[in-house]
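Colleague: I am new to this structure and would be grateful for a close look at a single part of it. Please choose one strand pairing as the point of entry and work outward from there.

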Amino acid sequence: MFNLKGRADGFRLLLPKEFLYKDIEAKYAEILKQKKGFFVNPIDFLNESIQRVQVLGFTDGAFMDQRQTRTGTPTFNFNREEQNAFQYPSTEEAYRSPAPPIALTDKTLNIEFRHQLGYLNYFMIFENFWYMYSRDMRYSDMMHNIYVDIFDEIGQIYCKINLMDPMMNGMDMLSLDFTQPVAQSQSFKVEFKYSNFEFKFL
């Protein structure tokens, strides 16, 4: 039956501490300290601004094939020739994809952030990306997992999703809009790709 309670299920995604490299973390920790805001730890500042998450999903689980069919049995008599079979209509039939499920799963994680403190979190992630791709990185220094916790209506975790070896793949442009009464840019999205995943219900 329908749940008539107003509270919906929730989620929690916390970027791990190793998402930010030490030099970037130290730089923005000093900036946050000067801003005298509520958060002084850069990774906590980023996690607090997460608004929306998109994860899992799949495509191409079925493929369509056309087959020639007969809509009925033709009538034969001595004064009538049988119609060619190719003149009969064809139909499409759905078949299960031969590819394994992991190949059909969209291994993309989208995280939407709310702009904060003059787009500070945007530039923090942008500079972190440049730092990562401008240097030779050891695997031990890179982010290995991102966890997504799913909460039920009473706030208890009932599902945990583990995304393995995530890498930043894309980021929205910084959109500044003067057509509004107040110049604003509300949010931006960061796209990650990951190698594999697992989920379990607790």
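**The sheet around strand E5**

Modeller: Glu112 stands opposite Lys189 in strand E9. This pair is a convenient place to begin, with the caution that the model is a predicted one. Strands E5 and E9 run antiparallel and are joined by seven bridges. Strand E5 covers residues 108-114, and on another front four bridges join it to E2, again in the antiparallel sense. Two pairs illustrate the link between E2 and E5: Ile50 stands opposite Phe113, and the bridge partner of Gln54 is Asn110. In general, strands of a sheet pair through backbone hydrogen bonds, either parallel or antiparallel.

How does E5 fit into the sheet as a whole? Four strands make up an open sheet, in the order E2-E5-E9-E8, and their pairing is antiparallel. The edges are taken by strand E2 (50-54) and strand E8 (167-171); each has a single partner strand, so one side of each is left without a neighbour in the sheet. From one strand to the next, the twist averages 25 degrees. Helix H4, residues 120-133, packs on this sheet and touches E5, E8 and strand E9 (187-193). The direction of H4 makes about 125 degrees with that of E8.

Is E5 enclosed or open to the surroundings? Six of its seven residues are buried, so E5 is largely enclosed by the rest of the structure. For comparison with the chain as a whole, buried residues make up 29% of the 202 residues.

A residue of the packed helix shows the contact in detail. Tyr122 is found in helix H4. It counts as buried because its relative accessibility is 6%, where the limit for that class is under 20%. Leaving aside residues up to four places away in sequence, Tyr122 touches His115, Met171, Asp172, Met173, Leu174 and Phe188. Tyr122 and Ser187 are 65 residues apart in sequence, and their C-alpha atoms are 9.2 Å apart in space. Across the chain, among contacts with a separation of 6 or more, 74% are between residues 24 or more positions apart.

The loops that leave E2 and E5 each hold a residue with a positive phi. Leu117 lies in the loop between E5 and H4. Although Leu117 is not a glycine, its phi is positive, at about 50 degrees. With 43% relative accessibility, Leu117 counts as partly exposed. Asp60 is found in the loop between E2 and strand E3 (62-68). Its phi is near 60 degrees, a positive value in a residue other than glycine. Asp60 counts as exposed because its relative accessibility is 60%, the limit for that class being over 50%.

The sheet may now be placed within the chain. The chain contains four helices and ten strands. Along the sequence, these follow the pattern β-α-α-β-β-β-α-β-α-β-β-β-β-β. Another open sheet of four strands has the order E1-E6-E7-E10, with antiparallel pairing. There, strand E1 (10-13) and strand E10 (196-201) stand at the edges, each with a single partner strand, so one side of each is left without a neighbour in the sheet. The twist in this sheet averages 15 degrees from one strand to the next. Strand E7, residues 157-164, pairs with E10 in the antiparallel sense over six bridges. Within that pairing, the bridge partner of Cys159 is Phe201 in E10.

One further feature involves helix H4, namely the largest pocket. About 210 Å³ of space lies in it. Its lining consists of Lys17, Glu18, Leu20, Tyr21, Lys22, Asp23, Glu25, Tyr131, Arg135, Met137 and Asp141. These residues divide into four nonpolar, no polar and seven charged. Helix H1, residues 22-35, gives the most to the lining, with three residues. Tyr131 is one of the lining residues, and helix H4 spans residues 120-133.

To return to the starting point, Glu112 and Lys189 stand opposite each other in a pairing of seven bridges between E5 and E9. Strand E5 is largely enclosed, because six of its seven residues are buried, and helix H4 packs on the sheet to which E5 belongs.

Notes. Residues are numbered from 1 along each chain as its sequence is written. This is a predicted model: local features need pLDDT of at least 70, side-chain atom pairs count only at pLDDT 80 or more; totals for chains, interfaces and linings use all residues. Side-chain values use heavy atoms; hydrogens and water are left out. Two strands pair if DSSP finds at least two bridges between them. Axes are lines fitted to C-alpha atoms, for helices over the stretch in contact, and angles run from 0 to 180 degrees between N-to-C directions. Contact means heavy atoms within 4.5 Å. Buried means under 20% relative accessible area, exposed over 50%, partly exposed in between (1.4 Å probe, protein chains only). On a 1 Å grid over the protein atoms alone, a cavity is a set of points where a 1.4 Å probe fits but cannot get out, and a pocket is an open set with protein on both sides within 12 Å along at least five of seven lines; lining residues have an atom within 4 Å of a point. Grid points are joined across faces, edges and corners, and a volume is the space filled by probe spheres set on the points. Ala, Val, Leu, Ile, Met, Phe, Trp, Tyr, Cys and Pro count as nonpolar, Asp, Glu, Lys and Arg as charged, and the others, Gly among them, as polar.
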